[in-house]
Amino acid sequence: MSKDRLWTKEYLFVILMYLGNVFSLYYYGGMITSIANGLGGSVVLAGLTSSVYSISPIFFRNLVGTFCDKYGRWKTNLIGILINAACCVAYCFCFNILALFITRAIMGIGFCFTSIANYASASDVVSANRKAEGLGWFQNAASLSEYIGPTLALICVTWTPGSFVGLHMGALLSCVWAFVFSLFVRYEKDPKYIARMEAAKAQAAQAAANAQNTDTPWGSTGKVVFGMETTAWAVALIVLIITAAHSCTNTFALLAMQKRGIESYTSQFFLTVAIGLILGRAVFSRLADKYGVLKVAVPIYALSAAALVGIGMAQSGLAVVLLGLPYGTMFGTMASTSQALMVNAVAPSRRAYASAMYLLAMDLAFGFSSIVWGTVIEAVGYAGVFAVAAICPIIAIFVVIIFWKRVGKAIFLHNKAVAEGVG
């Protein structure tokens, strides 16, 4: 049925547009640290310069999400592309570490604009009955860029021997790529979309005027607090704690394996984790759309909690590698299903803001949880920290159950009815 189609032209153009946007960011990878070292920066300062792009968006997610809902996805995305393109040019004139640091931070702000606009666009064009699966494949574009980008960067840097101009030219081309495909994303000009959004805004305004909170097709999703419904904030909590657990593994798995003398299995471990991520986003998200997030996310989170404990305690490198698969499905499943739940749990007129808060939860977890885990390691050691991290998916299970009973089941049944032509 047409309402249940996933791979539409509009959806493909959104993915291709996002691929260019996210590629221009991940593309630099470790090259920024190399450039920073060449400018005389210390190892610590070089690392901070490389990672500041993930910190600067934290201060702008709220504002950009509101802007995107008010002025549209295409305009928001264009602003981000222009910022990123300007930064690619500015990199050529960064002759000291401070200039490089500021430019990297500004590029993070540019990515703040493009990511919120693109995430919101993906949630707009994917049918309700395949929301999690569609958002999962969309998110896989970032994973693809993360792995391929640095390799292509090494090729581009050879274009101009003796300088990094070729490197920056490659990044600029990815901005051009994103802009070209954005020209084909035209659903915001569709009269049906315009009418639907205007109706949603009017309904939300009427509900606010009457002190109500029933501005979604399936009824009340909670009071609006800090710009978003309370049930959506509950999902943001899931994003925060699962991402924190994922950050623990990303940051300390190598050191933990070194302590046990099995560090030679590290690359295989992260490979199985990556496979699990893809399975979570592409396969288990589809199952969540079909059978409900409760029946899919709860067993996966439970299994991943056990996997986290095993990763911390297993003395066999092969065992750790095998545990990477169920562990990887945790973050992959959470990433796609949680975004779908958040955009479904808010009024259509607040989808961009919900996408912004989804990304903010990830920013905060990736940006600051490593400090917490480092403190935990000092207290309980490397094996213990993974056992503590296993508490995160357990908490997420309880939040999922509460969300499902509160509004999740109603959303699921409504989307099924729409897909079947009943609703």
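**Internal spaces and helix 13 in a predicted model**

Ala-86 is located in helix 5, which comprises residues 73-90; helices here are DSSP runs of type H or I with at least four residues, numbered from the N terminus. The model is predicted, so that local features require a pLDDT of at least 70 and side-chain atom pairs a pLDDT of 80 or more, whereas totals for chains, interfaces and linings use all residues. Residues are numbered from 1 along each chain as its sequence is written, and side-chain values rest on heavy atoms, with hydrogens and water left out. With a relative accessible area of 46%, Ala-86 is classed as partly exposed, a class lying between buried (under 20%) and exposed (over 50%) for a 1.4 Å probe and protein chains only. Its C-alpha atom is separated by 45 Å from that of Ala-379, a residue 293 positions away along the chain.

Helix 13 spans residues 317-344, and the 41 Å between its end C-alpha atoms agrees with the 40 Å expected for 28 residues at 1.5 Å a residue, the expected span being 1.5 Å times one less than the number of residues. A kink of about 30 degrees occurs at Leu-325, shortly before Pro-326; the bend is the angle between axes fitted to the seven residues ending at a position and the seven starting there. Of the 28 residues of helix 13, 23 are buried. At the start of this helix, a side-chain oxygen of Ser-316 comes within 3.3 Å of the backbone nitrogen of Leu-318.

The largest pocket encloses about 1,500 Å³. Its lining comprises 43 residues, of which Tyr-26, Tyr-53, Glu-146, Asn-250 and Phe-366 are the closest to the centre. On a 1 Å grid over the protein atoms alone, a pocket is an open set of points with protein on both sides within 12 Å along at least five of seven lines, a cavity is a set where a 1.4 Å probe fits but cannot get out, and lining residues have an atom within 4 Å of a point. Volumes are the space filled by probe spheres set on the points, which are joined across faces, edges and corners. Helix 7 contributes the largest share of the pocket lining, with eight residues. By class, this lining contains 26 nonpolar, 12 polar and five charged residues; Ala, Val, Leu, Ile, Met, Phe, Trp, Tyr, Cys and Pro count as nonpolar, Asp, Glu, Lys and Arg as charged, and the others, including Gly, as polar.

Two cavities of 30 Å³ or more are present. The largest cavity has a volume of about 190 Å³ and is lined by 18 residues, with Ala-288, Asp-289, Leu-341, Asn-344 and Phe-412 nearest its centre. Helix 15 (391-419) is among the elements that each supply at least two lining residues, together with helix 7, helix 11 and helix 13. The greatest contribution, six residues, comes from helix 15.

The second largest cavity, of about 40 Å³, is lined by Met-17, Arg-73, Trp-74, Asn-77, Asn-118, Ser-121, Val-185 and Glu-188. Helix 5 and helix 6 are the elements that give two or more residues to this lining, and helix 5 gives the most, with three. Ser-121, which belongs to helix 6, counts as buried at 2% relative accessibility. Its side chain forms a polar contact of 3.2 Å with that of Tyr-187; such a contact is a pair of N or O atoms within 3.5 Å, of which, within protein, one must be able to donate a hydrogen and the other to accept it, and residues adjacent in sequence count only if both atoms are side-chain atoms.
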